[in-house]
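This report describes selected features of a protein model, beginning with one residue and extending to the sheet around it.

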Amino acid sequence: MYSSERTICAISSPAGTGAIAIIRLSGEKAIEISSKILQNSSRFIKTKPGQFIFSIILQENKEILDEVMIVKFKSPQSYTGENMVEIYCHGSIFIQNEIINLLLNQGVSIAKPGEFTKRAFLNGKMDLSQSEAVADIISSNSLESHRLAINQMKGKVSSEINFLRDKMIELTALMELELDFGEEDVEFADRKSILELISQLQTRINSLISSFRYGHAMKSGVPVVIAGEPNTGKSTLLNLLLKEDRAIVSSLPGTTRDTIEEELILDGIKFRLIDTAGIRKSKNKLENEGIKRSQNSIKKAQLILLVIDAKNTDIQIIKQIENIKNSIIENQYLIPVINKIDTIEQGRKFQIPELETPVFISAIKNENTDELCERMTDYVKSLQTGANDTIITSARHLEALISTSNSLERAEVALKDGLSGDFVSQDIREAMYLLGEITGKVSNEEVLGAIFAKFCIGK
């Protein structure tokens, strides 16, 4: 068990004034120190762990500071694995600060960002992947990002990584047995079988790598650019999706001169909508700067809504679609949106290739926008590799998995080239080490510092 002489404390509730606030302590002396600021200290000491009691906190002059509820947790049955105390006081900023000062006077230290969760990791209450999921749960802002974070905290990612690592341990053991008994001409490892096993491991690792597109989109939100020529109804569409007048709408072309970004939740999925300036040739320097920013936003988007005026001819519509398709890169998805269908004659049949699959809407009259929203969510859901697959959301995990795959690839080449088992074993050991970095089986203080520094104080 990790042990520190420091007993730490922090306000664990959001900053500001509220009905109640929570102050948390952790460390060997957490219970002893907390009792010293209570009126009924002996009762608190005798209270069973996990049982809330009412108490009064006294100032140094023995005047009453606040009436609180307080609970203690004994090591190792606590979040951090250490002795812990949580004080539920009134939410006055003055009261919160006074309680913290009382604790500091008793020798407690202010917790660093993420220090409670870091201690939980060091005490084996959770692995590193689960620790990172705690921060993701706190910052989750959609149903799907929350679900993925909960799954990671419950150990879904860890279980898959541990399975892969165990298989690599078996591989290494077989290769090293071959080395130990090589002179006796005994083959413990059938190289063809090992190649098959490495191939199976690569398949599972590549599946995890592929899942990052979906996982990252759910965690950070899907970047969606609303693009097109001026006066096609891009800003009207943005306002309609957001159900508020966020962008200025005008019949004059070139009204939008800068990008506007807002968030939208559809079916539990967060989309980051970016309305852009209309793309056209212009002599206006300000408008040209807006167009330049539009083009940069399109390059960074994962989903592009190309808004086209329905009054255009079929040839013009197809040309606009082809122009933007020629500029988009791999992993970008395009939805052509033919807007202003209320302005054209009824019964017009568009001759547009089925491959383009446009959505026909009237943003100003809110016609067929449900179909557009459905297309957007269907696209994101299609990124999932399977309902029960493990989803990677962390760029750190992705980097480790890519490096793991590269190490296994080198081991595979070494096997096929007939190299000695020690060369193969070295590459597999490296792959094991890289996987261990994900769960924290191998770690260094620099990596831990970078991870937990992103946490809020009090968690």
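## Phe-54 and its surface patch

Phe-54 is located in strand E3, which spans residues 53–58. The model is a predicted one. With a relative accessible area of 40%, Phe-54 is partly exposed, because this class covers values between 20% and 50%.

Together with Phe-52 and Met-69, Phe-54 makes a nonpolar surface patch of about 270 Å². Membership of such a patch requires over 30% relative accessible area, a condition that the 40% of Phe-54 satisfies.

## The sheet that contains E3

Strand E3 belongs to an open sheet of six strands, in which the order is E3-E4-E5-E2-E1-E6 and the pairing is mixed. E3 and strand E6 (109–110) occupy the edges; each has a single partner strand, so one side of each is left without a neighbour in the sheet. Strands of a sheet pair through backbone hydrogen bonds, in either a parallel or an antiparallel sense.

## Strand pairs and bridge partners

Strand E4 (residues 64–73) pairs with strand E5 (residues 84–91) in the antiparallel sense, over five bridges. Within this part of the sheet, Val-71 has Glu-86 of E5 as its bridge partner. E5 is also joined to E2 by eight bridges, and these two strands run antiparallel. Here the bridge partner of Leu-25 is Val-85 in E5.

E2 in turn pairs with E1 in the antiparallel sense over four bridges. Leu-25 in E2 stands opposite Cys-9. Leu-25 is thus named in two pairings, with Cys-9 and with Val-85 of E5. The hairpin of E1 and E2 has six residues between the strands, and Gly-16 in this hairpin takes a positive phi near 110 degrees.

## Helices across the sheet

Helix H3 (residues 93–105) lies across strand E1 (8–11), strand E2 (18–26), E3, E4, E5 and E6. The direction of H3 is at about 150 degrees to E5. Helix H4 (residues 115–122) lies across E1, E2 and E5, and runs at about 135 degrees to E1.

## The protein as a whole

The secondary structure of the protein comprises 15 helices and 12 strands. Its length is 459 residues, of which 49% count as buried. Among contacts with a separation of 6 or more, 67% are between residues 24 or more positions apart.

The accessible surface of the protein amounts to about 23,300 Å², and carbon and sulfur atoms account for 50% of this area.

Key. Residues are numbered from 1 along each chain as its sequence is written. This is a predicted model: local features need pLDDT of at least 70, side-chain atom pairs count only at pLDDT 80 or more; totals for chains, interfaces and linings use all residues. Side-chain values use heavy atoms; hydrogens and water are left out. Patches are made of residues with over 30% relative accessible area and no salt bridge: like charges are joined within 9 Å, nonpolar side chains (Val, Leu, Ile, Met, Phe, Trp, Tyr) within 5 Å. Accessible areas come from the Shrake-Rupley method with a 1.4 Å probe; for residues, only the protein chains shown count as cover. A salt bridge is a side-chain nitrogen of Lys or Arg within 4 Å of a carboxyl oxygen of Asp or Glu. Buried means under 20% relative accessible area, exposed over 50%, partly exposed in between (1.4 Å probe, protein chains only). Two strands pair if DSSP finds at least two bridges between them. Contact means heavy atoms within 4.5 Å. Axes are lines fitted to C-alpha atoms, for helices over the stretch in contact, and angles run from 0 to 180 degrees between N-to-C directions.
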